[in-house]
Amino acid sequence: GLDASTVYVISLWNGQSKRGSVTSSTSAETPKGDYEYTLSSSETVISQDMMNSIAENAMAAAGSKTAYSATIKIPQGATIDIVGTSTDGSAASVKIPDGMSVTFFGEGGMGAYVKLSKSINLAGTHGNVTFQNLDITDGGCQYLINQSADAIVDKLAFDGCSIHDLDRSIVRTQSANIII
(Lines give C-alpha, C1' and ligand atoms only; values in the text may rest on other atoms or scores of the structure.)
Protein backbone atom coordinates (compact mmCIF):
# COMPACT_ATOMS: atom_id res chain seq x y z
CA GLY A 1 0.00 0.00 0.00
CA LEU A 2 3.01 2.35 -0.12
CA ASP A 3 3.39 4.92 -2.87
CA ALA A 4 6.11 4.38 -5.48
CA SER A 5 9.20 6.64 -5.48
CA THR A 6 8.44 7.94 -2.01
CA VAL A 7 10.69 8.48 1.02
CA TYR A 8 9.25 7.26 4.31
CA VAL A 9 10.49 7.85 7.87
CA ILE A 10 9.69 4.91 10.12
CA SER A 11 9.68 5.54 13.87
CA LEU A 12 10.51 2.70 16.24
CA TRP A 13 8.68 2.67 19.58
CA ASN A 14 8.87 0.62 22.74
CA GLY A 15 5.55 1.29 24.37
CA GLN A 16 5.38 5.07 24.79
CA SER A 17 9.14 5.62 24.29
CA LYS A 18 10.54 6.41 20.86
CA ARG A 19 13.67 4.31 20.33
CA GLY A 20 14.77 5.65 16.96
CA SER A 21 13.83 6.06 13.36
CA VAL A 22 14.95 4.87 9.98
CA THR A 23 14.48 6.40 6.55
CA SER A 24 13.59 4.23 3.60
CA SER A 25 12.31 4.80 0.09
CA THR A 26 10.19 2.76 -2.27
CA SER A 27 11.18 1.82 -5.79
CA ALA A 28 9.86 3.52 -8.89
CA GLU A 29 6.63 2.20 -10.31
CA THR A 30 7.07 0.05 -13.41
CA PRO A 31 6.40 2.21 -16.49
CA LYS A 32 3.31 1.11 -18.37
CA GLY A 33 3.53 -0.19 -21.91
CA ASP A 34 1.23 -2.07 -24.24
CA TYR A 35 3.33 -5.12 -23.35
CA GLU A 36 5.60 -5.84 -20.39
CA TYR A 37 8.37 -8.42 -20.52
CA THR A 38 10.33 -9.46 -17.43
CA LEU A 39 13.69 -11.09 -18.03
CA SER A 40 14.04 -14.38 -16.18
CA SER A 41 17.07 -15.09 -14.02
CA SER A 42 18.46 -17.33 -16.78
CA GLU A 43 18.27 -14.62 -19.47
CA THR A 44 21.51 -12.66 -19.72
CA VAL A 45 21.24 -11.21 -23.24
CA ILE A 46 18.70 -8.97 -24.93
CA SER A 47 19.17 -10.17 -28.50
CA GLN A 48 17.61 -9.05 -31.77
CA ASP A 49 15.38 -12.15 -31.75
CA MET A 50 14.16 -11.28 -28.25
CA MET A 51 13.59 -7.64 -29.25
CA ASN A 52 11.59 -8.75 -32.31
CA SER A 53 9.49 -11.12 -30.20
CA ILE A 54 8.77 -8.38 -27.65
CA ALA A 55 7.80 -6.04 -30.51
CA GLU A 56 5.40 -8.62 -31.98
CA ASN A 57 3.71 -9.09 -28.60
CA ALA A 58 3.54 -5.33 -28.00
CA MET A 59 2.06 -4.76 -31.46
CA ALA A 60 -0.59 -7.44 -30.85
CA ALA A 61 -1.43 -5.97 -27.43
CA ALA A 62 -1.76 -2.47 -28.92
CA GLY A 63 -4.43 -3.65 -31.33
CA SER A 64 -5.01 -1.33 -34.23
CA LYS A 65 -2.61 1.41 -33.07
CA THR A 66 0.28 2.09 -35.45
CA ALA A 67 2.60 3.03 -32.59
CA TYR A 68 3.11 0.53 -29.79
CA SER A 69 5.16 0.30 -26.60
CA ALA A 70 6.96 -2.23 -24.46
CA THR A 71 8.57 -2.24 -21.05
CA ILE A 72 11.49 -4.61 -20.61
CA LYS A 73 11.93 -5.28 -16.90
CA ILE A 74 15.43 -6.22 -15.79
CA PRO A 75 15.59 -7.86 -12.34
CA GLN A 76 17.62 -6.23 -9.59
CA GLY A 77 21.08 -7.77 -9.41
CA ALA A 78 20.98 -9.04 -13.01
CA THR A 79 23.81 -8.45 -15.47
CA ILE A 80 22.45 -8.12 -18.99
CA ASP A 81 24.19 -7.67 -22.34
CA ILE A 82 22.39 -6.02 -25.25
CA VAL A 83 23.87 -7.51 -28.41
CA GLY A 84 22.61 -8.96 -31.66
CA THR A 85 24.18 -11.32 -34.17
CA SER A 86 24.95 -10.42 -37.78
CA THR A 87 24.44 -12.84 -40.68
CA ASP A 88 28.09 -13.92 -40.47
CA GLY A 89 27.75 -14.75 -36.75
CA SER A 90 29.63 -11.74 -35.40
CA ALA A 91 28.25 -9.36 -32.78
CA ALA A 92 25.92 -6.65 -34.09
CA SER A 93 23.81 -3.82 -32.72
CA VAL A 94 20.23 -4.48 -31.61
CA LYS A 95 17.68 -2.50 -33.62
CA ILE A 96 14.58 -1.18 -31.89
CA PRO A 97 11.77 -2.15 -34.33
CA ASP A 98 10.18 0.72 -36.24
CA GLY A 99 7.17 2.26 -34.48
CA MET A 100 8.05 0.80 -31.08
CA SER A 101 8.59 2.85 -27.96
CA VAL A 102 10.56 0.97 -25.33
CA THR A 103 11.56 1.37 -21.70
CA PHE A 104 14.47 -0.62 -20.33
CA PHE A 105 13.54 -0.69 -16.63
CA GLY A 106 15.73 -1.85 -13.75
CA GLU A 107 13.42 -3.28 -11.10
CA GLY A 108 13.95 -2.44 -7.46
CA GLY A 109 16.04 0.66 -8.05
CA MET A 110 19.65 0.92 -9.22
CA GLY A 111 20.51 -2.75 -9.07
CA ALA A 112 20.34 -3.85 -12.71
CA TYR A 113 23.61 -3.81 -14.59
CA VAL A 114 23.58 -3.45 -18.39
CA LYS A 115 26.75 -4.09 -20.36
CA LEU A 116 26.67 -3.04 -24.02
CA SER A 117 28.80 -5.15 -26.36
CA LYS A 118 27.31 -3.31 -29.31
CA SER A 119 25.41 -0.05 -29.67
CA ILE A 120 21.64 0.23 -29.96
CA ASN A 121 20.20 1.09 -33.38
CA LEU A 122 17.25 3.50 -33.44
CA ALA A 123 16.53 3.38 -37.20
CA GLY A 124 12.89 4.23 -37.90
CA THR A 125 10.41 6.22 -35.85
CA HIS A 126 9.89 5.87 -32.10
CA GLY A 127 7.78 7.79 -29.59
CA ASN A 128 10.30 7.28 -26.81
CA VAL A 129 13.29 5.22 -25.84
CA THR A 130 13.85 5.29 -22.09
CA PHE A 131 16.47 3.81 -19.79
CA GLN A 132 15.40 3.82 -16.12
CA ASN A 133 17.12 2.65 -12.92
CA LEU A 134 20.08 1.07 -14.73
CA ASP A 135 23.83 0.93 -14.33
CA ILE A 136 25.05 1.09 -17.95
CA THR A 137 28.64 0.42 -18.96
CA ASP A 138 30.70 -0.16 -22.10
CA GLY A 139 31.28 -3.80 -22.97
CA GLY A 140 33.04 -2.91 -26.21
CA CYS A 141 30.46 -0.72 -27.94
CA GLN A 142 32.11 2.71 -27.41
CA TYR A 143 28.66 4.41 -27.80
CA LEU A 144 25.28 3.63 -26.29
CA ILE A 145 23.66 4.72 -29.56
CA ASN A 146 25.65 4.85 -32.79
CA GLN A 147 23.23 6.08 -35.42
CA SER A 148 23.80 6.41 -39.15
CA ALA A 149 20.41 5.35 -40.60
CA ASP A 150 17.35 7.63 -40.66
CA ALA A 151 15.91 7.87 -37.14
CA ILE A 152 13.22 9.95 -35.48
CA VAL A 153 12.84 9.63 -31.71
CA ASP A 154 10.42 11.99 -29.95
CA LYS A 155 12.07 11.43 -26.56
CA LEU A 156 15.33 9.78 -25.53
CA ALA A 157 15.46 9.67 -21.72
CA PHE A 158 17.74 8.44 -18.95
CA ASP A 159 16.06 8.39 -15.53
CA GLY A 160 17.96 7.32 -12.44
CA CYS A 161 20.78 5.78 -14.49
CA SER A 162 24.49 5.60 -13.94
CA ILE A 163 26.30 5.65 -17.30
CA HIS A 164 30.04 5.16 -17.12
CA ASP A 165 33.15 3.92 -18.87
CA LEU A 166 31.85 4.51 -22.40
CA ASP A 167 34.96 4.76 -24.54
CA ARG A 168 33.56 7.63 -26.60
CA SER A 169 30.09 9.05 -25.91
CA ILE A 170 26.46 8.22 -25.14
CA VAL A 171 25.12 9.13 -28.61
CA ARG A 172 26.96 9.30 -31.92
CA THR A 173 25.20 10.52 -35.07
CA GLN A 174 26.84 10.14 -38.44
CA SER A 175 26.06 10.46 -42.16
CA ALA A 176 23.76 12.81 -44.01
CA ASN A 177 20.61 10.87 -43.10
CA ILE A 178 17.83 12.44 -41.04
CA ILE A 179 18.49 11.79 -37.37
CA ILE A 180 16.18 13.66 -35.01
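**View 1. The largest nonpolar core of this predicted model has 35 residues.** If you want to find your way around it, begin with the residues that make the most contacts inside the core: Ile46, Ile74, Met100, Phe104 and Ile120. Helix 1, spanning residues 48-62, gives the most to this core, with six residues. As background, nonpolar side chains in soluble globular proteins tend to be buried together.

**View 2. Here we zoom in on Ile120 and the residues it touches.** Leaving out anything up to four places away in sequence, Ile120 touches Ile82, Val94, Ile96, Phe131, Leu144, Ile145, Asn146 and Gln147. Two of these names come back in later views: Phe131 has a bridge partner in strand 16, and Ile82 is the bridge partner of Ile46.

**View 3. Five strands make an open sheet with parallel pairing.** Reading across, the order is 3-5-10-13-16. Strand 3 (35-38) and strand 16 (151-159) sit at the edges, each pairing on one side only. On average, neighbouring strands in this sheet are turned by 15° against each other, ignoring direction. Helix 1 packs on the sheet and touches strand 3, strand 5 (68-74) and strand 10. The direction of helix 1 makes about 130° with that of strand 5.

**View 4. This close-up shows strand 13 alongside strand 16.** Strand 13 covers residues 124-132, and its parallel pairing with strand 16 runs over eight bridges. For a landmark, look for Phe131, whose bridge partner in strand 16 is Phe158.

**View 5. Strand 6 pairs with strand 4 and also with strand 11.** Strand 4 (residues 45-46) and strand 6 (residues 79-82) run parallel and are joined by two bridges. In that pairing, Ile46 has Ile82 of strand 6 as its bridge partner. Strand 6 also pairs in the parallel sense with strand 11 (residues 112-116), this time over three bridges. There, Ile80 stands opposite Val114 of strand 11.

**View 6. Asp98 sits in the loop between strand 9 (94-95) and strand 10 (100-106).** Is Asp98 buried or exposed? Neither label fits: its relative accessibility is 46%, so Asp98 counts as partly exposed, because that class lies between the 20% and 50% cut-offs. Setting aside neighbours within four places in sequence, Asp98 is in contact with Tyr68, Gly124, Thr125 and His126. Leu122 is 24 residues from Asp98 along the chain, and the C-alpha atoms of the two are separated by 8.1 Å.

Conventions:
Residues numbered from 1 in each chain as written. Predicted model: local features only at pLDDT ≥ 70, side-chain atom pairs only at ≥ 80, totals over all residues. Heavy atoms only, no water. Helix = DSSP H or I, 4+ residues; strand = E, 2+ residues; numbered from the N terminus. Buried < 20%, exposed > 50% of the residue type's maximum accessible area, 1.4 Å probe, protein only. Contact = heavy atoms within 4.5 Å. Core = buried A, V, L, I, M, F, W, Y, C linked by side-chain atoms within 4.5 Å. Pairing = 2+ DSSP bridges. Axes fitted to C-alpha atoms, helices over the stretch in contact; angles between N-to-C directions.
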